Amino acid sequence: MQTEKKITEIAGDEHDNQTSSTFVIEGEGHTLGNILKNIISNYADVQFCGYTLPHPVENKIHFRIQSTGKTKAIEILKRGLEDIKFICDTVLETPM
Amino acid sequence: MAKIGDKKPKVILEEFKIKENSEDYGFADEQFNREDFKRNFKLKVIKKSNLDIEFDLIGITPAIANAFRRIMLSEVPSMAIEKVYIYNNTSIIPDEVLAHRFGLIPLKADPRLFEYKLDEKDEEGNELDTLEFKLEIKCTWKNKDVKDSRNFDAMYKNHNIYSEHIKWVPRGKQGTLYNEANIGPCDDKILISKMRPGHEFNIKLLAVKGIGKDHAKFSPVSLATYRLLPEITLLKEIRGKDAQLLQKCFSPGVIEIDKSGIAYVKNARYDNCSRNVYRYPELSKNVEISRVRNHFIFNIESLGAYKPEEIFILAVKTLKNKCDVLLEELNFENK
């Protein structure tokens, strides 16, 4: 499992300096897709963010990020994942 | 987000729709900010028992709540019977139906003590990833001379086969590591089959660790839901007959009437948010029904393998782990 790549990128966005990308995330669905999209789409430097589950039996999502032009899409994706980690840490730190 | 001066972001429920507010963008205009999140986030446990928990998550968005809920249902592991070897089954339940019934019996075994069985070809598994059970039972006559033909207990022996009849067969060191009381079915009285004299089971069962995504039998919860906190505001004093009518419009315990006959909101938390009050226009114009948009009430019922709060904590850890795996790969590629 570990040797297989989880994230790949769809070709077609080579002209704009990596500020727009569509990532294919293997093994993930609405669970991660929706929370990631909701966090990323409200960033100030994001023009568009959306995801789709291309086929219900294929366990992968297409995750599209278009930045306003200054940031690389991959950096925004990383920031989104870091923010979800931060949310999880905050929840875990709170005593139950 | 909500009206200026209004601290709690509310969704106001009108008769047929949600109140439209041109200044309210819901969560769509809220940028995620770590400091704000940390300051606003609250977790309150309301009720806790052996198998159930009710707690509030305040200051999160529906996306976060839903991710937690989905992970609890389908990605927190548990043990379930996966392989059924039927050596003899003369009961009236067909083999394949019986095998499915075994799969759905929840087991007490703590999944954290076991590993995933990765080798598909190895049917038997080993002591680290597989639990073995057996069910050897036969229904026989106890007394043929019972006058009341409906008194099965007096006539037959073992005519009801329950989950308590499933016996654990420890493998290797399992017998010394685990206690039988913490391994078998969660409930003793799950009916597997009814039998008559001559019917017999001779069955070997193998349980493995899995996740709900693969099959619902691996889901550790019987219920994992969230809802928004209801809030009811009385805009005017309501008294007398109107107060009694108002009380009937809501769930029991929500509206109470004081000594002088004036209605007040006692506890809106357990209101089912029906809009019955709108049947009485005179009454409803003085009542505002709303839900707090960032206050999520979670209800979790464990099947018995975990404590209910552990399921939630594991779900949060699973989500964090997902991000870690992806980040590791992204950071590795960029170097």
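Architecture, interface and internal spaces of a predicted two-chain model

From the N terminus onwards, the elements of chain A follow the order β-β-α-β-β-α, and chain A thus described has 2 helices and 4 strands. The model is a predicted one, and the values reported below were computed from it. Computed along its principal axes, the C-alpha trace of chain A spans about 50 × 35 × 25 Å, and 47% of the 96 residues of chain A count as buried. Among the contacts in chain A that join residues at least 6 apart in sequence, 54% are between residues at least 24 apart.

The two chains meet through 38 residues of chain A, which are in contact with 39 residues of chain B. The size of an interface is often given as the accessible area lost when the parts come together. For chain A and chain B the buried area is about 3700 Å², and carbon and sulfur atoms give 70% of that area. On the side of chain A, the residues that lose the most area to chain B are Thr31(A), Phe86(A) and Met96(A), which together account for 20% of what that side buries.

Within chain B, helix H3 covers residues 95-103, and its buried residues are Leu98(B), Phe102(B) and Gly103(B). When H3(B) is viewed down its axis, these buried residues fall within an arc of 145°, and they therefore line one face of the helix. An α-helix has 3.6 residues a turn, so residues three or four places apart point the same way. The cover over the buried residues of H3(B) includes four strands of chain B, namely S4 (78-89), S5 (131-138), S10 (191-194) and S11 (200-210).

The loop that runs between H3 and S5 of chain B contains Lys108(B), a residue that counts as partly exposed because its relative accessibility is 30%. Apart from residues up to four places away in sequence, Lys108(B) touches Ala181(B), Asn182(B), Ile183(B), Gly184(B), Pro185(B) and Cys186(B), as well as Gly304(B) and Ala305(B). Lys108(B) and Ala80(B) are separated by 28 residues in sequence, and their C-alpha atoms are 9.4 Å apart in space.

A search of the whole structure for cavities of 30 Å³ or more finds 1, and the volume of the largest cavity is about 60 Å³. The lining of the largest cavity consists of Ser78(B), Met79(B), Pro106(B), Leu107(B), Cys186(B), Lys217(B), Ser219(B), Pro220(B), Leu303(B) and Ala305(B). By residue class, this lining of the largest cavity divides into 7 nonpolar, 2 polar and 1 charged. Cys186(B) and Ala305(B), which belong to the lining, are also among the residues that Lys108(B) touches.

Among the pockets, the second largest has a volume of about 700 Å³. Of the 29 residues that line the second largest pocket, Phe27(B), Glu30(B), Gly59(B), Thr61(B) and Asn294(B) are the closest to its centre. Both chains contribute to the lining of this second largest pocket, since the elements that give two or more residues to it are helix H1 (30-40) of chain A together with helix H1 (34-40), strand S2 (42-48), helix H2 (62-74) and strand S15 (287-302) of chain B. The lining residues of the second largest pocket divide into 13 nonpolar, 10 polar and 6 charged.Backbone geometry was examined at two loop positions. Most residues other than glycine have a negative phi, and most peptide bonds are trans. Gln18(A), although not a glycine, has a positive phi of about 65°, and its place is in the loop between strand S1 (7-9) and strand S2 (20-26) of chain A. With a relative accessibility of 42%, Gln18(A) counts as partly exposed. In chain B, Asn158(B) likewise is not a glycine and has a positive phi of about 60°; Asn158(B) lies in the loop between strand S7 (156-157) and strand S8 (160-162), and at 25% relative accessibility it counts as partly exposed.

Leu245(B) is placed in helix H6 of chain B, which comprises residues 240-249, and its relative accessibility of 29% means that it counts as partly exposed. When its neighbours within four places in sequence are left aside, Leu245(B) is in contact with Tyr280(B) and Leu283(B). Leu245(B) and Ala154(B) are 91 residues apart in sequence, with a C-alpha to C-alpha distance of 55 Å.

Key
Residues are numbered from 1 along each chain as its sequence is written. Chains are lettered from A and ligands numbered from 1 in the order in which they are written. This is a predicted model: local features need pLDDT of at least 70, side-chain atom pairs count only at pLDDT 80 or more; totals for chains, interfaces and linings use all residues. Side-chain values use heavy atoms; hydrogens and water are left out. Buried means under 20% relative accessible area, exposed over 50%, partly exposed in between (1.4 Å probe, protein chains only). The arc is that of the directions from the helix axis to the C-beta atoms. Contact means heavy atoms within 4.5 Å. On a 1 Å grid over the protein atoms alone, a cavity is a set of points where a 1.4 Å probe fits but cannot get out, and a pocket is an open set with protein on both sides within 12 Å along at least five of seven lines; lining residues have an atom within 4 Å of a point. Grid points are joined across faces, edges and corners, and a volume is the space filled by probe spheres set on the points. Ala, Val, Leu, Ile, Met, Phe, Trp, Tyr, Cys and Pro count as nonpolar, Asp, Glu, Lys and Arg as charged, and the others, Gly among them, as polar. Buried area is the accessible area (1.4 Å probe) that two parts lose on being put together, summed over both.
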